[in-house]
Amino acid sequence: MKQIAVIGSSGGHLYVLGGKDPQALLDEIVRQSNAAGFEVSHMAFVAASASLDHITDKTTATLWTQTSAGPKASESSSLEQANKLAEAENAKIAAAIRNGEVDGLVMVSADPKKLNSDVIKAAAEKKIPVAGTGGTSMADARSLGANVISASGTTGTTNRSRAVGYISAFASQ
């Protein structure tokens, strides 16, 4: 079974289009992956309590990771602390990519230039396919050498249509 990693965040505009409910968003990605014969093996998804376009010192967040039981959230903490947890999880994902343990990468409103930079560098090095949403983040990933096979913005999409788009791109490879 092909292994997929998921990275990203609840985003700015995505927050109002599914990112506010990370459980539903991530479960849909896992469900569509499984239906296509893929497995989500790794995950680092920062879910903020508000749109990342409007954060304050009071913004809290959780880090969602993949477990044998499915996506699971950390305890809520400051956004800064959740990002520190995400850095460690991203390092694990980058190592897994470099070790050949990940066959594809899904980016959901990711941060290729900062928080997710090591994962993007690893994906570019190994030339694994990358699919995702978030216009700026996908353009940034492409400019860093990622093998982007599918990219779109967030507006006009739902959790299901995003997940179907990601997985359809991998299935066509």
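**View 1. Val130 and the residues that it touches in the predicted model.** Leaving aside residues up to four places away in sequence, Val130 in this predicted model touches Leu105, Met107, Ala123, Met138, Ala146, Asn147, Val148, Ile149, Ser150 and Phe170. Val130 is also one of the residues with the most contacts inside the largest nonpolar core, a group that includes Ile7, Val46, Leu105 and Met107 as well.

**View 2. The largest nonpolar core, with its 29 residues.** In soluble globular proteins, nonpolar side chains tend to be buried together. Here the residues with the most contacts inside the largest core are Ile7, Val46, Leu105, Met107 and Val130. At least two residues of this core come from each of the strands β1 (2–9), β2 (38–48), β3 (60–67) and β6 (104–108), and likewise from each of the helices α2 (79–98), α3 (117–126) and α4 (135–143). Among the contributors, α2 gives the most to this core, supplying seven residues.

**View 3. A second core, separate from the one before.** This core has 20 residues, and Leu26, Phe45, Tyr166 and Ala169 are among them.

**View 4. Ser9 and its polar contacts.** Ser9 is found in strand β1, and with a relative accessible area of 9% the residue counts as buried, because buried means under 20%. The side chain of Ser9 reaches two backbone atoms, namely the nitrogen of Gly11 at 3.1 Å and the oxygen of Ser109 at 2.8 Å.

**View 5. The largest pocket and its lining.** Rolling a probe the size of a water molecule over the atoms shows where empty space is left. The largest pocket holds about 210 Å³ of space, and of the 13 residues that line this pocket, Leu52, Leu79, Asn83, Asp111 and Leu115 are the closest to its centre. Sorted by character, the lining divides into six nonpolar, five polar and two charged residues. Both β1 and α2 take part in the lining, each supplying at least two residues.

**View 6. Thr56, in the loop between β2 and β3.** Within this loop, the side chain of Thr56 reaches the backbone nitrogen of Lys58 at 3.1 Å. A reader who wishes to place Thr56 in the whole chain may look across to Ser168, which lies 112 residues apart from Thr56 along the chain, with 37 Å separating the C-alpha atoms of the two residues.

Methods. Residues numbered from 1 in each chain as written. Predicted model: local features only at pLDDT ≥ 70, side-chain atom pairs only at ≥ 80, totals over all residues. Heavy atoms only, no water. Core = buried A, V, L, I, M, F, W, Y, C linked by side-chain atoms within 4.5 Å. Buried < 20%, exposed > 50% of the residue type's maximum accessible area, 1.4 Å probe, protein only. Helix = DSSP H or I, 4+ residues; strand = E, 2+ residues; numbered from the N terminus. Contact = heavy atoms within 4.5 Å. Polar contact = N/O pair within 3.5 Å; in protein donor to acceptor, adjacent residues only side chain to side chain. 1 Å grid on protein atoms, 1.4 Å probe; cavity = no way out; pocket = protein on both sides within 12 Å on 5 of 7 lines; lining within 4 Å. Points joined across faces, edges and corners; volume = space filled by probe spheres on them. Nonpolar A, V, L, I, M, F, W, Y, C, P; charged D, E, K, R; others polar.
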